[in-house]
Amino acid sequence: MRVLVAGSSGLIGSALLDQLRGSGHEVRRLVRRMPRSADEYGWDPPAGRIDDGAFDGVDAVVNLCGSPLASGRWSEARKQLLTDSRLEPTEVLAEAVADHGVGALLNASGINYYGDTGSAEVDESAGAGSGFLAGLCVAWEAATTPATKAGARVVLLRTAPVLSSRGGMLGMLLPLFRLGLGARLGGGSQYLPWISLRDQVSAISFLLQRADIAGAVNLTSPNPVTNAEFTRELARAVHRPAPWFVPAPALKAALGQAAEEMLLGGPRAVPGVLRDAGFDFADRRLDDALALVV
């Protein structure tokens, strides 16, 4: 396949490029700087501009754009940045997919679409939850509508936190845990869906080639864990104790709404579509996934 990727410089994007090229696909990259190689094409999402020729012969587009969520308190300005960094690229790409007759758009979304589900397990058949993140995911997914209306196969990648020592959630936590400063957050009973980086990119590659799959797909391990379980397993993986806990009021005082939605609540989400499609997860258990990356 010839695949055009936006957001290819991040943790997931860079690993996906290696995966796709290693599988024999031709990959093109959309970049927001001057192109430096023949496989790069410039674009400016706020201006709605994409270099000519970027979509020539393209079979599928993968959009992974979006500013990191974990960046302190969510001021109104920060919320707007998080929203614009997702909606603007998606709107531009969905229109371009429609205009150029591209067959498929695989677009990033988040597992926080479901909000905080407590102990209730949810798959892709569940509706949207409440809160800023859930609303953001709803708007993000709705921005793909032009591609859907044009007949493209649109896959919504509802991604859980991706485990890799190179960045993301684990990249922030590892230094603390290695110093023996790992801590349970609040009561610790809130669920934390997760997925290993290699399963994340393998799942995207799998979905690129499955013409029968469209709509929402949870990219998350079949075995979500609670925050307490995650804390215990990560401490064990780095051979350090983690006896501490951070009270919920302290987290709320420090981070406000971001703490409530990202740290003190979460969905007990499972990958129903991938399971039914026969996708083979390499990392089903958290302890096995952590052993590979720490």
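How many helices and strands are there in the chain? This predicted model contains eleven helices and 16 strands.

**Figure 1. Overall dimensions of the chain in the predicted model.** Along the principal axes, the C-alpha atoms occupy a box of roughly 55 × 40 × 40 Å. The radius of gyration is 19 Å, which agrees with the value near 19 Å for a compact globule of 294 residues.

**Figure 2. Burial and contacts within the chain.** Of the 294 residues, 52% are buried. Among contacts with a separation of 6 or more, 78% join residues 24 or more positions apart.

**Figure 3. Surface and charges of the chain.** The accessible surface amounts to about 12700 Å², and carbon and sulfur atoms contribute 51% of this area. The chain carries 28 positive and 31 negative charges, and the mean positions of these two sets lie 6 Å apart.

**Figure 4. The annotated domain, residues 3-212.** An unreviewed UniProt entry assigns these residues the annotation "domain: NAD-dependent epimerase/dehydratase". Helix accounts for 36% of residues 3-212 and strand for 22%. The C-alpha atoms at the two ends of this segment are 18 Å apart.

**Figure 5. Surroundings of Thr83 in helix α2.** Helix α2 spans residues 76-100 and includes Thr83. The relative accessibility of Thr83 is 18%, and Thr83 therefore counts as buried, the cut-off being under 20%. When neighbours within four places in sequence are set aside, Thr83 is in contact with Phe132 and Leu136.

How values were computed: Residues are numbered from 1 along each chain as its sequence is written. This is a predicted model: local features need pLDDT of at least 70, side-chain atom pairs count only at pLDDT 80 or more; totals for chains, interfaces and linings use all residues. Side-chain values use heavy atoms; hydrogens and water are left out. Helices (H or I, at least four residues) and strands (E, at least two) are DSSP runs, numbered from the N terminus. The radius of gyration is taken over C-alpha atoms; the globule rule is 2.2 Å times the number of residues to the power 0.38. Buried means under 20% relative accessible area, exposed over 50%, partly exposed in between (1.4 Å probe, protein chains only). Contact means heavy atoms within 4.5 Å. Accessible areas come from the Shrake-Rupley method with a 1.4 Å probe; for residues, only the protein chains shown count as cover. Lys and Arg count as positive and Asp and Glu as negative; His and the chain ends are not counted. The place of a charge is taken as NZ of Lys, CZ of Arg, CG of Asp or CD of Glu. UniProt positions are given in the numbering used here, feature names are shortened, and annotations may be inferred rather than shown by experiment.
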